[in-house]
Amino acid sequence: MLYRENGQFKTSYRADLQLLPIAQDRWFVLGLLAFAYLGLPFLASDYLFRALIVPFLILTIAAIGLNILVGYCGQISLGTAAFMGVGAYAAYNLTVRVPQLNFLIVLALAGFAAALVGIGFGVPSLRIKGLYLAVATLAAQFLLDWLFAHVKWLTNDSASGSVSTATIKLFGIELQSPLRKYLFVLTVVCLLTLAAKNLVRAHAGRAWMATRDMDVAAEVIGIRPLHSKLSAFAVSSFYAGVAGALWGFVHLGAWEPAAFNVGLSLNLLFMVIIGGMGSILGSFFGAAFIVLLPLILNQVPLWLGIPLSTATQSNLESMIFGSLIVIFLIAEPQGLARLWAIGKQKLRLWPFPH
């Protein structure tokens with residue numbers, strides 16, 4: 001009964017169009033942000049920040065970008081990790097060749113570099129769709145992987161092909177401790193989530209969804225599928241580029257070309273499917289599912305006192321992980337975001353059945 005919105009009247013168009021029209025949702029989000037900024041730094045250890053929380057936040061950015069493309073515009077992509085790699089290598093080259101640049105500018109330029117590459121590989125979406133588009137984006141993944149491994153200029157002529165990043169400095173402050181990295185990444189996630197939420201509610205988002213539902217009908221009512229598809233690829237790749245730069249500089253610190261392989265692209269697609277396509281909140285749920293589930297599956301045998309070898313544990317993890325994905329697709333195709341929406345609706349009606 002605490003979730004009822006009785007007495008919450010809208011007296012203006014601004015109030016009716018706000019992001020969180022129910023007061024309980026607004027208080028919940030504010031409380032969650034307060035806990036993330038003020039409570040979690042005192043409760044979580046450095047290990048949790050490095051191994052779980054920071055990777056979860058960075059992968060959420062990439063999942064939001066992929067959800068814009070797949071969930072809102074209906075264009076399949078199997079090359080998101082490659083665009084993350086473009087952002088990571090662009091940020092690395094900017095910091096090496098123009099070291100006086102502020103890291104926020106480097107982050108934005110890395111996103112724009114990935115967006116330009118994404119637009120180039122998004123051109124085939126104007127003529128093909130479905131499985132054929134998936135194969136085209138997969139070709140982009142393999143092509144960019146080859147460039148990362150063989151173009152020495154991208155790695156500043158590194159003999160091994162791997163790169164190492166310098167310590168991030170932001171307005172004279174070194175982001176060296178896990179806590180500072182966490183607060184920085186959390187701020188970036190909040191800003192990009194707000195931007196994505198407003199984008200999908202604006203004219204661009206409505207054009208994406210109309211193109212997703214039926215591109216011919218969208219063109220009849222005045223929407224340009226050319227502009228919609230390419231803008232979706234650009235925005236999605238921008239988010240992937242920013243996530244890739246953060247993944248390389250904040251999480252990894254040093255990486256080789258295999259860090260942005262097709263396996264990461266598939267994991268990002270699983271995040272969108274499990275979390276919920278066409279839902280910004282679903283990107284958070286999907287990223288949390290992918291990051292936390294392997295850890296839980298690794299710890300359950302220890303809790304039960306069952307000794308398992310490393311190989312058996314790894315194979316069992318893959319089997320259970322794949323089975324859960326299939327079960328989710330069968331039981332709830334709209335993902336965890338749909339379960340969250342059903343729970344909220346139940347709370348609005350409880351304890352009455354009508």
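The expected span of a helix is 1.5 Å times one less than its number of residues. In this predicted model, helix H4 covers residues 80-97 and has 18 residues, so a span of 26 Å should be found. The end C-alpha atoms of H4 are 26 Å apart, which agrees with that expectation. H4 is also mostly covered, as 15 of its 18 residues are buried.

A similar check can be made for helix H14, formed by residues 335-349. H14 has 15 residues, and the distance from its first C-alpha to its last is 22 Å, close to the 21 Å expected at 1.5 Å a residue. Buried residues of H14 include Gly-335, Leu-336 and Ala-337. The cover over the buried residues of H14 includes H11, H13 and helix H12, which runs over residues 280-304.

Two of the helices that help to cover H14, namely H11 and H13, also meet each other. The axes of H11 (residues 262-275) and H13 (residues 310-331) come within 10 Å and cross at roughly 35°. The crossing of H11 past H13 is left-handed. On the H11 side, the contact is made by Asn-267, Phe-270, Ile-273 and Ile-274. On the H13 side, Phe-321, Ile-325 and Leu-329 take part. By class, the residues of this contact divide into 6 nonpolar and 1 polar, with no charged residue. The spacing of such residues can be read against the geometry of a helix. An α-helix has 3.6 residues a turn, so residues three or four places apart point the same way.

Helix H2 (residues 23-43) contains Leu-33, and Trp-27 is placed in H2 as well. Leu-33 has a relative accessibility of 34% and therefore counts as partly exposed. Trp-27 is exposed, because its relative accessible area is 65% and the cut-off for exposed is over 50%. Distances from both residues to other parts of the chain were computed. Leu-33 and Ser-162 are 129 residues apart along the chain, and their C-alpha atoms are separated by 37 Å. Trp-27 and Val-98 are 71 residues apart in sequence, with 43 Å between their C-alpha atoms.

Thr-187 belongs to helix H7, which spans residues 178-201. Its relative accessibility is 32%, so Thr-187 counts as partly exposed. The side chain of Thr-187 makes a polar contact with the side chain of Tyr-37, at 3.0 Å. Between the C-alpha atoms of Thr-187 and Ala-232 the separation is 23 Å, and these two residues are 45 residues apart along the chain. Ser-177 lies in the loop between strand S3 (173-174) and H7. Ser-177 is partly exposed, with a relative accessible area of 31%. In sequence Ser-177 and Asp-46 are 131 residues apart, but in space their C-alpha atoms are 8.2 Å apart.

A buried threonine is found in helix H8, residues 203-213: Thr-211 is part of this helix, and its relative accessibility is 4%. Thr-211 is classed as buried because this value falls under the 20% cut-off. When residues up to four places away in sequence are not counted, Thr-211 touches Cys-73, Ala-218, Ile-223, Pro-225, Ser-228 and Lys-229.

The loop between helix H6 (131-150) and strand S1 (163-164) holds Asn-156, and Asp-157 is found in this loop too. Asn-156 is a residue other than glycine with a positive phi, near 60°. For Asp-157, also a residue other than glycine, phi is likewise positive and near 60°. The accessibility of each residue was also computed. Asn-156 has a relative accessible area of 35% and is therefore partly exposed. Asp-157 reaches 60% relative accessibility, so Asp-157 counts as exposed.

Conventions:
Residues are numbered from 1 along each chain as its sequence is written. This is a predicted model: local features need pLDDT of at least 70, side-chain atom pairs count only at pLDDT 80 or more; totals for chains, interfaces and linings use all residues. Side-chain values use heavy atoms; hydrogens and water are left out. Axes are lines fitted to C-alpha atoms, for helices over the stretch in contact, and angles run from 0 to 180 degrees between N-to-C directions. Helices (H or I, at least four residues) and strands (E, at least two) are DSSP runs, numbered from the N terminus. A crossing is left-handed if the near helix is turned anticlockwise from the far one by less than a right angle, and right-handed if clockwise. Contact means heavy atoms within 4.5 Å. Ala, Val, Leu, Ile, Met, Phe, Trp, Tyr, Cys and Pro count as nonpolar, Asp, Glu, Lys and Arg as charged, and the others, Gly among them, as polar. Buried means under 20% relative accessible area, exposed over 50%, partly exposed in between (1.4 Å probe, protein chains only). A polar contact is a pair of N or O atoms within 3.5 Å; within protein, one must be able to donate a hydrogen and the other to accept it, and residues adjacent in sequence count only if both atoms are side-chain atoms.
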